[in-house]
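Here are some friendly notes to read with the model open beside you. Each point takes up one part of the fold, so feel free to jump around.

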Amino acid sequence: MAQNADIECLDWFHPNLNRHTAESILLQNGRDGTYLLRPSSKGGGEYALSVKFEQSVKHFNIVCNGISIVFGHASFRSINEFVEHFKNKPLIGTESSQLVLLKVPYPRDVHEPDTYESVTVHAEFSTAEDSVNNISFSLNTKEGFLTKLGNIFKTWKTRWFVLRRNELMYYKEKFSKEPIRVLDLNECLECSEDKTGYPEKGNVFKLVFKWRTFYMYSTTPQDMNDWIHRINWCLREYAR
């Protein structure tokens, strides 16, 4: 069907994503309102629009019947009409009476590392709409404990670190709600292993900023190298 071909040419249509993978991608790499289109598990000309909203992912059904594109109670003659309509009307109501604002399409072609950590989530199923914006995406994420050297008092303390996009955050504990600090990797000059400063610790690496150098160590060489690899990937990806 021509409509199906038009939909599948969209740069935010993901032909090989299932529900679980879409949830993992959007939760790890999206912000509220990030969305993508994928085939529905129902098949038969049906698609699912997956949207990140308040730390969950909602899924909305779209049907192409060869005559029109059916989306909730509305129908459209073409994919262009569909997109144009939701550019101008981004708010949608779900069965739970929540309003979801569609902001940023998640592109099919992104540059990413070879692996990313999986996420197990629960999502809702409903009916929805659309909008467009340009943004840079990646799947480069990591979480885990590192032991960091203090700035004023030179003591080592274990913190929970979270790498998301171009930010490295660290928390007092794994389930702390607010980070102690958020480091903007756009300002980072170097991330590398430190072999001379603290040889008694082992697995030490450093993040160099103009205003401070952060030292931290991991439990294994493999984990240290993974942190260095992922952070350096962010430095290259988000370099200005």
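**Notes on the predicted model**

1. Let us begin at the start of a helix. Asn18 caps the N-terminal end of helix 2, with a side-chain oxygen 3.3 Å from the backbone nitrogen of His20. Helices (H or I, at least four residues) and strands (E, at least two) are DSSP runs, numbered from the N terminus.

2. Before going further, a word on how to read the values. This is a predicted model, in which local features need pLDDT of at least 70 and side-chain atom pairs count only at pLDDT 80 or more, while totals for chains, interfaces and linings use all residues. Residues are numbered from 1 along each chain as its sequence is written, and side-chain values use heavy atoms, with hydrogens and water left out.

3. How confident is the predictor? The mean pLDDT (the predictor's confidence in each residue, from 0 to 100) of the protein is 79, and 78% of its residues reach 70 or more. Please be careful with residues 114-134, over which pLDDT stays under 50. The model has 78 contacts (heavy atoms within 4.5 Å) beyond four places in sequence for residues 114-134. Where pLDDT is low, the predicted coordinates should not be read in detail.

4. Now the overall picture. The secondary structure of the protein comes to 4 helices and 16 strands. Of its 240 residues, 47% count as buried; here buried means under 20% relative accessible area, exposed over 50%, and partly exposed in between (1.4 Å probe, protein chains only). Among contacts with a separation of 6 or more, 54% are between residues 24 or more positions apart.

5. Back to helix 2, which spans residues 19-29 and is mostly covered, with 8 of its 11 residues buried. Among the buried residues are Glu23, Ile25, Leu26 and Leu27. In the loop that leads from helix 2 to strand 1 (34-39) you will find Gly30. Gly30 counts as buried because its relative accessibility is 4%. Leaving out residues up to four places away in sequence, Gly30 touches Ile25, Lys52 and Arg165. The C-alpha atoms of Gly30 and Gln55 are separated by 9.8 Å, with their positions 25 residues apart along the chain.

6. Strand 3 (residues 56-64) deserves a good look: 8 of its 9 residues are buried, so it is largely enclosed by the rest of the structure. Strand 3 pairs with strand 2 (residues 46-53) in the antiparallel sense over 8 bridges; two strands pair if DSSP finds at least two bridges between them. Asn61 in strand 3 is the bridge partner of Ala48. The hairpin of strand 2 and strand 3 has 2 residues between the strands, and Glu54 there takes a positive phi near 50°.

7. On to strand 4 (residues 69-71), which runs antiparallel to strand 3 and is joined to it by 3 bridges. Cys64 stands opposite Ile69 in strand 4. This hairpin of strand 3 and strand 4 has 4 residues between the strands, and Gly66 in the turn has a positive phi of about 90°.

8. Which side chains make polar contacts with His59? His59 lies in strand 3 and is buried, with a relative accessible area of 0%. Its side chain is joined to that of Glu23 by a polar contact of 3.0 Å, and to that of Ser50 by one of 2.8 Å. A polar contact is a pair of N or O atoms within 3.5 Å; within protein, one must be able to donate a hydrogen and the other to accept it, and residues adjacent in sequence count only if both atoms are side-chain atoms.

9. Finally, the cores. The largest nonpolar core has 21 residues, and Leu168, Leu185, Phe205, Leu207, Trp227 and Ile231 are those with the most contacts inside it. A nonpolar core is a set of buried Ala, Val, Leu, Ile, Met, Phe, Trp, Tyr and Cys residues joined through side-chain atoms within 4.5 Å. Helix 4 gives this core its largest share, 7 residues. A second, separate core of 20 residues includes Trp12, Leu49, Phe60 and Phe71.

10. One last residue to click on is Ser192, found in strand 14 (residues 190-193). Ser192 is buried at 19% relative accessible area, and its side chain makes a polar contact of 2.6 Å with the side chain of Glu190.
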